[in-house]
Amino acid sequence: MTLAIRAEVLLWFPILEKILSRLFKPQSQLIIALDRTQWKDNNILMVSVIYQKRALPIFWCLLDKEGCSNLQKQQKVLRPVIRLLEHYQLVIIGDREFCNLN
């Protein structure tokens, strides 16, 4: 994990834990979406939790190349989220760009 990701986890995740604990009961099912988007010159790989038909971004990383991500980057962005949400049942969804993570 890079220093930038550690800082994001240390600063953002405690806030996120508090928000999610108010919205979801422990052991409830969370739908997690993995998606890549292009915003201006930034290629962003994002993990979001689906809540009331909306995707709420919870973690992301900037990709250093244009186009789709690879399995290594997908795992890098999912690992901290899976650890954060260990008290929930997770369903992870992604479109055809994403590798089978089983």
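## A walk across the sheet

In strand 2, Asn43 is the bridge partner of Gln38. That pair is a handy place to start in this predicted model. Right by it in the sequence, Trp39 stands opposite Asn42 of strand 2. Both pairs belong to a bigger pattern: strand 1 (residues 29-39) and strand 2 (residues 42-51) run antiparallel and are joined over 8 bridges. The two make a hairpin with 2 residues between the strands, and Lys40 there takes a positive phi near 55°.

Now follow the chain along strand 2 and you meet another hairpin. Strand 2 and strand 3 have 2 residues between them, and in this turn Gln52 has a positive phi of about 50°. The pairing here is antiparallel too, with 9 bridges joining strand 2 to strand 3. If you want a spot to look at, try Val47, which stands opposite Phe59 in strand 3.

Time to step back and take in the whole sheet. It is an open one of 4 strands, in the order 3-2-1-4, and its pairing is mixed. At the edges sit strand 3 (54-63) and strand 4 (89-94), each of which pairs on one side only. Ignoring direction, neighbouring strands of the sheet are turned by 25° against each other on average. As for what holds such strands side by side, strands of a sheet pair through backbone hydrogen bonds, either parallel or antiparallel.

Finally, there's a helix to place. Helix 2 (residues 71-84) lies across strand 1, strand 2, strand 3 and strand 4. Against strand 3, helix 2 runs at about 130°.

Terms used
Residues are numbered from 1 along each chain as its sequence is written. This is a predicted model: local features need pLDDT of at least 70, side-chain atom pairs count only at pLDDT 80 or more; totals for chains, interfaces and linings use all residues. Side-chain values use heavy atoms; hydrogens and water are left out. Two strands pair if DSSP finds at least two bridges between them. Axes are lines fitted to C-alpha atoms, for helices over the stretch in contact, and angles run from 0 to 180 degrees between N-to-C directions. Contact means heavy atoms within 4.5 Å.
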